[in-house]
Amino acid sequence: RYFGEFGGQFVPETLIPALDELEEGYIAFKKDKKAQKQLNDMLKTYVGRPTPLYFAKNFSDYVGAKVYLKREDLAHTGAHKINNTLAQGFLAKFMGKNRIIAETGAGQHGVATATVCALLGLECVIYMGKTDVERQSINVDKMKILGASVISVEKSGGTLKSAINEALRDWVTNVKTTHYLLGSVVGPHPFPTIVGDFQSIIGKEAKRQIKQYENRLCDVIVACVGGGSNAYGIFSAFLKDNVELYGIEAGGRSVNLGDHSATLSLGTKGILHGALSYLLQKNANVASVHSISAGLDYPGVGPMHSYLKDTKRVIYDYVFDNQALEGFFALSKLEGIIPALESSHALGYVLANKEKFKNKIIIINLSGRGDKDLDIIKAVQQ
Ligand SMILES: CC/C=C(/N=C/c1c(COP(=O)(O)O)cnc(C)c1O)C(=O)O
């Protein structure tokens with residue numbers, strides 16, 4: 001329930017029974033051998049796991065380090081989000097829920113949720129900020145093709161925070177029939193624990209793979225941090241090892257409040273969406289934020305990351321929009337892999353710190369592919 005002082009359930013009383021039901025359902029689901037076998041079989045045959053750990057030779061030569069990419073971009077729907085949505089889809093069915101709601105920013109979580117709802121025959125409603133509906137339109141089209149209804153949210157900035165606000169509002173009203181398929185390690189307990197657990201498959205695979213290829217662990221792991229699910233997923237297998245972990249947030253346009261989403265580097269402790277964590281706020285109001293990437297454009301962060309920051313187990317930093325774009329184009333032109341703008345923040349960080357990482361063995365979590373971002377790229381190229 002807590003990660004040090006962080007986490008908890010700071011929600012209206014009416015949600016507590018639903019959170020208790022979810023925690024009980026999750027514990028039973030984890031113990032159910034048949035359900036776990038079905039999930040593991042589908043992670044293999046439907047999602048395409050294990051995803052490759054790819055030695056990026058050209059990118060490595062350019063950086064001066066030995067860089068492996070954990071290829072979550074090759075998972076079905078093109079990002080790590082499917083790891084969580086498939087498991088939560090099975091969990092929802094296990095709990096007898098037949099209506100799924102979700103929030104989305106980059107649209108990857110929305111597509112991954114709609115995908116699983118199509119597969120499992122569940123009704124699907126996705127809340128998405130108006131700004132994000134416009135800048136990730138390819139994913140809105142996909143969600144509709146997959147049978148989901150997409151509700152555009154105009155209030156309070158029209159990005160991920162607004163989408164989560166509306167999804168939580170829906171859940172309070174429809175909690176009897178509806179499972180809220182939360183897309184990152186944020187929200188009230190047990191969501192961070194559940195999503196973190198479902199994403200931990202990334203780290204388990206990466207650890208086995210790096211030992212297979214190098215006969216040792218890597219020196220460094222770098223992952224981008226929006227809510228923090230892909231980062232926690234890969235970090236989780238290495239927390240007790242002598243491996244440096246870097247979580248990279250969105251520095252946006254500048255370090256001025258409102259220009260970025262670097263919650264862990266520049267925020268303070270606060271409560272958002274039911275959890276105590278670091279938060280970008282101004283006079284106790286949630287601050288507006290910015291990132292070139294919709295998936296990092298969020299003023300909160302998962303509570304376990306706040307704990308990992310305060311205990312100094314993970315180093316959190318940020319790169320600006322232009323540095324993320326450098327990572328985007330470097331991987332595209334050197335390796336023929338077009339990364340998501342979110343993942344590009346991790347790539348940009350390594351490019352911006354060549355001396356720090358010289359001759360190190362590094363795993364970068366390539367959380368998704370960049371098809372969804374082509375309109376944004378075209379706009380910045382003009
Ligand atoms: C749950 C809201 C976040 C979304 N995406 C976040 C995202 C992120 C950041 O989310 P986290 O891993 O949870 O920090 C990283 N990489 C890709 C490819 C992403 O799409 C979404 O709506 O698709």
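Start at the ligand and look for Ser184: an N or O atom in the side chain of Ser184 is 2.6 Å from an oxygen atom of the ligand. Keep in mind as you look around that this is a predicted model. Now turn to Ser367. Here a nitrogen atom of the ligand is the partner, 2.8 Å from an N or O atom in that residue's side chain. Gly107 joins in with its backbone instead: one of its polar backbone atoms is 3.5 Å from an oxygen atom of the ligand.

How much of the ligand does the protein cover? On its own the ligand has 520 Å² of accessible area, and the protein covers 99% of it. That goes along with another finding, namely that the space the ligand takes is the largest cavity.

So who makes up the surroundings? Count them and you get 26 residues around the ligand. The closest are Thr104, Gly105, Ser184, Gly228 and Ser229, and you've already met Ser184 through its side chain. Sort the shell by class and you'll find 16 polar residues, seven nonpolar ones and three charged ones. Which elements give two or more residues to this shell? They are strand 5 (99-104), helix 5 (108-120) and helix 11 (229-235).

Now zoom out to the whole protein. There are 17 helices and 16 strands to trace. The radius of gyration is 19 Å, close to the 21 Å that the globule rule gives for 382 residues, so the protein is as compact as a globular protein of that length. If you'd like a feel for its dimensions, the C-alpha trace spans about 55 × 50 × 40 Å along the principal axes.

Before you leave, have a look at a few spots in the backbone. Go to the loop between helix 2 (33-47) and strand 3 (53-55), where you'll find Pro50. The peptide bond joining Arg49 to Pro50 is cis, with omega at about 0°. Another cis peptide bond runs from His189 to Pro190, and there omega is near 10°. Pro190 sits in the loop between strand 8 (178-180) and helix 9 (191-199).

One more stop is Asn283, in the loop between strand 13 (281-282) and strand 14 (285-286). What is worth checking here is phi: Asn283 has a value near 50°, which is positive even though the residue is not a glycine.

Conventions
Residues are numbered from 1 along each chain as its sequence is written. This is a predicted model: local features need pLDDT of at least 70, side-chain atom pairs count only at pLDDT 80 or more; totals for chains, interfaces and linings use all residues. Side-chain values use heavy atoms; hydrogens and water are left out. A residue is near a molecule or strand if one of its heavy atoms lies within 4 Å of it. A polar contact is a pair of N or O atoms within 3.5 Å; within protein, one must be able to donate a hydrogen and the other to accept it, and residues adjacent in sequence count only if both atoms are side-chain atoms. Accessible areas come from the Shrake-Rupley method with a 1.4 Å probe; for residues, only the protein chains shown count as cover. On a 1 Å grid over the protein atoms alone, a cavity is a set of points where a 1.4 Å probe fits but cannot get out, and a pocket is an open set with protein on both sides within 12 Å along at least five of seven lines; lining residues have an atom within 4 Å of a point. A molecule sits in a cavity or pocket if more than half of its atoms lie within 2 Å of its grid points. Helices (H or I, at least four residues) and strands (E, at least two) are DSSP runs, numbered from the N terminus. Ala, Val, Leu, Ile, Met, Phe, Trp, Tyr, Cys and Pro count as nonpolar, Asp, Glu, Lys and Arg as charged, and the others, Gly among them, as polar. The radius of gyration is taken over C-alpha atoms; the globule rule is 2.2 Å times the number of residues to the power 0.38.
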